[in-house]
Every structure is written in C-alpha cells, then in structure tokens.
Amino acid sequence: MTDGYLTGHLLLAMPTMSDPRFERTVIYMCAHGPEGAIGLVINRLIGSLSFPDLLTQLDIEIDPEHHARMPDIHFGGPVETERGFVLHTSDYRHDGTMWIAGDIALTANIDILRDIAAGRGPRQHILTLGYAGWGPGQLEGEIQGNAWLCAPCEDTRLFDSDLDEMWNRALAGLGVEAALLSTHAGRA
C-alpha cells in the first residue's frame, strides 16, 4: 500500500458483504485517494452480451483470424454499466491510457476495442462494463465494517481465467481459508 491507499491492490468481498452484487467478488482497485475510489470487478461475467455482439453494436469489424480469441465481458460494477473499461498489461498504450501500478494500465476508449478486434491489443486484458465506486471515506468505512479484505495484486492472478475460483485463490494467497471466515461482523 502506498500512503494508505489501495490503488493497484485487490479488494475481496467478505462473507459479511450485504450487497448481493458484490458477493464473493474480487475487485481490482484502479484509483483510491482522499476523493474516493474506483475499482473493477474482475471475477464476474455479464453473460448476456458477447464481445462480438458488442463490436457489432459499435460497427467494429472483427478480424476473422482473431475471432476465437475474443474476450468475455465482465461485470465491472453497478456504476455506469453502459460504459466500457479495459484493464490490461502495459504493453499497450494509446491516448487516454492510464498506468495504474506494476505492469497494469486502464484504457476506456473505443480504439482499444478496435485494436483487440484486429489482434493489435494488449497481451492480456479484461473488458468490463461498469465499475464500482466509493465517495470520500466510504470505502474505508466499509473496510472497517468488515465488508472487504485488502490483498496485494499479483499480475499473474489478475488475468486468471478460472473466475469461479479466483476469490478462493486470492484468500489462500493471504493464508486465509474461506471456510473459516465468519459471516458476522463484530468489534473486539
């Protein structure tokens, strides 16, 4: 953690999470500071929309050679669900690309979708619709209320394709066994 902020870290929903949209979620924190926080849920797919369908809606042609490698679309969070974000390795740079931490960057413009469809996109990426957002002090209050557990992010874990087990593996990486977590919050 830098200066007490969680940019570039993971948030793991605790069993006490009362919002079903975030149950067992893993969120990559894109920005966190005194003015609030923004993160992307990285272990939940939308399912109702495919990447080729999205490209068709946006009138973007798909290079047939790269059709088999089209990404799934993730539920990034409940805020601005019509807006797309691509979390990716920093080998891809474009106007508007924001470096986050380590080898991770974020791009939120249509050009990255064109580049992915043409096979010129980043080495690894996660396409999300929507994001999770917190106002000033809100995330800190939720962490104190036992809704979230903070974890360092390993770039290799970030792009893991086994989404169903991502939450368990992230906890195990901290030495925490999911079965032993309490579903009740409390204060000592």
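**Close-up views of the predicted model**

**View A. In strand β7, I104 is the bridge partner of A101.** The coordinates shown here and in the views below belong to a predicted model. A101 ends strand β6, which spans residues 98–101 and is joined to β7 by three bridges, the two strands running antiparallel. Together β6 and β7 form a hairpin that leaves two residues between them. One residue of this turn, G102, has a positive phi of about 55 degrees.

**View B. Strand β7, residues 104–107, is covered on both of its faces.** In a regular strand, side chains alternate between the two faces of the sheet. Here I104 and L106 lie on one side, A105 and T107 lie on the other, and all four are buried. Besides its pairing with β6, strand β7 is joined to β5, residues 79–89, by four bridges. This second pairing is also antiparallel, and within it L106 is the bridge partner of L87.

**View C. T89, a residue of strand β5, is shown with its surroundings.** Is T89 buried or exposed? T89 counts as buried because its relative accessibility is 1%, under the 20% cut-off. A polar atom of the T89 side chain lies 3.4 Å from the backbone nitrogen of R123. When neighbours within four places in sequence are left aside, T89 is in contact with D103, P122, R123, Q124 and F159. R123 therefore appears both in the polar contact and in the list of contacts, where the cut-off is 4.5 Å between heavy atoms.

**View D. The largest nonpolar core holds 26 residues.** In soluble globular proteins, nonpolar side chains tend to be buried together. Within this core, L10, L12, Y28, I42, L87, I100 and L158 touch the most other members. Two or more core residues come from each of β1, β2, β5, β6, β7, β8 and α5, the last of these spanning 163–173. Which element gives the most? Helix α5 does, with five residues. L158, one of the residues that touch the most other members, is in contact with Y28, I42, L87, I104, I126, C153 and M166 once neighbours within four places in sequence are left aside. Its contact I104 is one of the buried residues of strand β7, and its contact L87 is the bridge partner of L106 in that strand.

**View E. F22, W134 and W148 form one aromatic cluster.** The whole structure contains three aromatic pairs. In one of them, F22 and W148 are arranged edge-to-face, with 5.8 Å centre to centre and 75 degrees between the planes. Because F22 lies in the loop between β1 and β2 while W148 lies in strand β9, this pair ties together parts that are 126 residues apart in sequence. F22 is buried, with a relative accessible area of 9%, and W148 counts as buried at 4% relative accessibility. W148 also pairs edge-to-face with W134, at 6.1 Å centre to centre and 85 degrees between the planes. Since W134 belongs to strand β8, residues 125–134, and W148 to β9, this second pair ties together parts that are 14 residues apart in sequence. Both W134 and W148 are buried.

**View F. Helix α2, residues 110–117, has five residues marked as buried: I112, L113, D115, I116 and A117.** An α-helix has 3.6 residues a turn, so residues three or four places apart point the same way. The buried residues of α2 pack against α1, β5, β7 and β8. At the start of the helix, a side-chain oxygen of N109 reaches to within 3.1 Å of the backbone nitrogen of D111. Just after the helix, G119 takes a positive phi of about 80 degrees.

**View G. No disulfide is found in a search of the whole structure.** C30 is in no disulfide, as the nearest cysteine sulfur, in C153, is 10 Å away. With a relative accessible area of 4%, C30 is buried. Why is the sulfur of C150 not in a bond? The closest cysteine sulfur, again in C153, is 13 Å from that of C150 and so too far for a bond. C150 is partly exposed, with a relative accessible area of 27%.

Definitions and conventions
Residues numbered from 1 in each chain as written. Predicted model: local features only at pLDDT ≥ 70, side-chain atom pairs only at ≥ 80, totals over all residues. Heavy atoms only, no water. Buried < 20%, exposed > 50% of the residue type's maximum accessible area, 1.4 Å probe, protein only. Pairing = 2+ DSSP bridges. Polar contact = N/O pair within 3.5 Å; in protein donor to acceptor, adjacent residues only side chain to side chain. Disulfide = S-S within 2.5 Å. Phe/Tyr/Trp six-rings, centres within 6.5 Å; stacked < 30°, edge-to-face > 60°. Core = buried A, V, L, I, M, F, W, Y, C linked by side-chain atoms within 4.5 Å.
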